[in-house]
Amino acid sequence: MPLPMEDGALAGREVERARLAQVLDGLGHGRGAVVEIVGEPGSGKTQLACGLADEAARRGLPVLWARVLRSGDEPFGVFRDVAEASGLPEAPSPAGWCELVRRRAAGGVLVVDELHRADPASLEVVLRLISSSSSSSASTPFVLVLAHRPRQSQPALLQALDLGVRRDGMVRVQAGPLSATVAATLVDTWARSAHVPPGADSQDAATAPPHGLPDRTSASTAALHAAAQGLPGYLRLLVAAGFDPETWPDRAGEDEARLLREAAPLLGEFGELSGSARSALRAAAVLGGTFDPVEVARVAGLRTEAGLDACAELVRADVLRPTGRGQRLAFRHPVVGHVAHTACELSFLPAAHRRALRIATERGAPAAERARHAEHLVHTDGVAVARVLADGAAQTVTSSPAIAARWLRLALDARPARGRRSEERARWELAYGRALIASGRL
Ligand SMILES: Nc1ncnc2c1ncn2[C@@H]1O[C@H](COP(=O)(O)OP(=O)(O)OP(=O)(O)O)[C@@H](O)[C@H]1O
Ligand SMILES: [Mg+2]
């Protein structure tokens with residue numbers, strides 16, 4: 001059952017909505033405007049633009065959407081749909097397109113979403129629209145809304161927008177993190193609408209996975225808000241996965257199928273990467289935490305140079321970010337790494353984790369880091385990795401007893417008792433019981 005979050009209701013954002021309403025008031029008085037909506041991936045830029053579009057429609061204003069559906073290189077692709085009704089411009093140049101777009105948008109709102117993915121010719125049109133916005137007093141005014149991820153946007157766009165904000169009174173709206181209170185309300189709303197009334201659809205109700213939000217306490221909602229960094233996109237992914245503060249950031253949650261369903265837009269982003277970047281993405285997901293690009297190349301089975309190029313592409317796409325510690329990289333958010341790991345073909349994981357375990361062992365990595373790889377090898381390398389898991393559990397039991405308990409369970413299952421119980425196995429059983437008690441699961 002998908003989470004019922006497509007209802008478009010906007011939680012919080014009162015200040016931003018008031019600012020956007022002022023822009024529409026201005027249009028009512030004949031004043032056009034350029035509005036930039038910026039923020040992290042999944043911060044709610046599109047949702048804010050939708051809120052503005054709904055309000056404009058409520059006021060009887062025409063609204064046009066220009067979207068980059070996939071990062072195709074078709075010149076002026078962003079504006080093809082906008083042009084549809086009036087036909088292509090006579091002169092297919094940026095100036096010709098700019099004129100056509102202005103005519104089509106006149107008196108209403110034009111939203112350009114995901115501008116960071118626009119083809120160069122469309123970007124040129126947008127730059128012209130921005131620079132002419134302050135001087136186009138002769139043409140009919142309109143509101144141009146530009147939503148984008150600044151980390152992935154071209155420097156020319158960032159410069160033009162900065163100048164517009166500083167010099168020409170352009171409006172910049174930040175889609176920042178939601179407050180803990182707004183996030184809690186949102187999570188509550190999702191939980192309520194995810195509830196299946198008994199008998200509504202008995203088949204569904206019987207087979208539906210738990211909705212991931214059982215009796216959430218304020219402490220666990222606060223942990224969820226912190227884990228998502230207040231960003232609604234990550235909040236949705238974590239809720240879908242069945243977030244558990246006890247195992248975060250090691251895991252997103254147990255419900256991998258729902259995590260993948262909810263992550264469709266993110267998987268779409270992955271799908272636009274080159275083949276070697278996708279290999280590096282899988283390897284980075286296997287390594288987890290922070291990692292060196294050379295290690296990524298080794299786990300991916302790429303030559304070092306190709307691996308470094310692939311990591312550079314992942315950084316440009318803002319899937320990975322530099323950590324500021326040497327060359328080491330990390331996913332832009334841990335849940336992005338979990339989605340990438342969950343999306344890996346099962347046949348890839350054992351060999352990749354075996355390579356990662358070898359690398360971690362060579363580097364003398366802590367037992368907990370090695371155990372993270374060993375847990376993916378119990379079905380193939382059972383006995384050989386059981387001790388790695390038990391050592392990892394011993395190291396992690398104080399900070400994350402739930403994870404320690406899981407590793408000890410796997411170690412015990414991998415080493416069935418034969419004949420007399422070994423001393424080592426008895427120690428693991430005792431440690432397992434203690435970890436269960438410490439994690440409140442016994
Ligand atoms: N204020 C809000 N209230 C309720 N839901 C929200 C709010 N903001 C965002 N969401 C939900 O969070 C998810 C991410 O939001 P949205 O797609 O608008 O982010 P975005 O900044 O446009 O992301 P991207 O950078 O990937 O384009 C969406 O499912 C959206 O419906
Ligand atoms: Mg968006």
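Okay, so let's start with cavities: this predicted model holds 1 cavity of 30 Å³ or more. Its volume is about 40 Å³.

How do we look for something like that? Rolling a probe the size of a water molecule over the atoms shows where empty space is left.

So, which residues line the largest cavity? They are L287, G288, T290, F291, E295, R328, A356, A360, R363, E369 and H373. If you want to find the spot by element, look at β6 (290–291), α17 (349–362) and α18 (367–374), which each give two or more residues to that lining. And by class, the lining comes out as 4 nonpolar, 3 polar and 4 charged residues.

Right, let's move to a helix. Have a look at α2, residues 45–58. That's 14 residues, and from the first C-alpha to the last α2 reaches 20 Å, close to the 20 Å expected at 1.5 Å a residue.

Now, which residues of α2 are buried? You'll want to highlight K45, L48, A49, L52, A53 and A56. These buried residues sit on the same side of α2, because they cover an arc of only 140 degrees around the axis. Turn to the other side of α2 and you'll see D54 and R58, which are exposed.

What covers the buried residues of α2? Quite a list: it includes the helix α1 (14–28), plus the strands β1 (33–38), β2 (63–67), β3 (109–113), β4 (143–148) and β5 (171–174).

One last stop, just after α2: G60 takes a positive phi there, of about 80 degrees. That's me done, thanks!

Notes
Residues are numbered from 1 along each chain as its sequence is written. Chains are lettered from A and ligands numbered from 1 in the order in which they are written. This is a predicted model: local features need pLDDT of at least 70, side-chain atom pairs count only at pLDDT 80 or more; totals for chains, interfaces and linings use all residues. Side-chain values use heavy atoms; hydrogens and water are left out. On a 1 Å grid over the protein atoms alone, a cavity is a set of points where a 1.4 Å probe fits but cannot get out, and a pocket is an open set with protein on both sides within 12 Å along at least five of seven lines; lining residues have an atom within 4 Å of a point. Grid points are joined across faces, edges and corners, and a volume is the space filled by probe spheres set on the points. Helices (H or I, at least four residues) and strands (E, at least two) are DSSP runs, numbered from the N terminus. Ala, Val, Leu, Ile, Met, Phe, Trp, Tyr, Cys and Pro count as nonpolar, Asp, Glu, Lys and Arg as charged, and the others, Gly among them, as polar. The expected span of a helix is 1.5 Å times one less than its number of residues. Buried means under 20% relative accessible area, exposed over 50%, partly exposed in between (1.4 Å probe, protein chains only). The arc is that of the directions from the helix axis to the C-beta atoms. Contact means heavy atoms within 4.5 Å.
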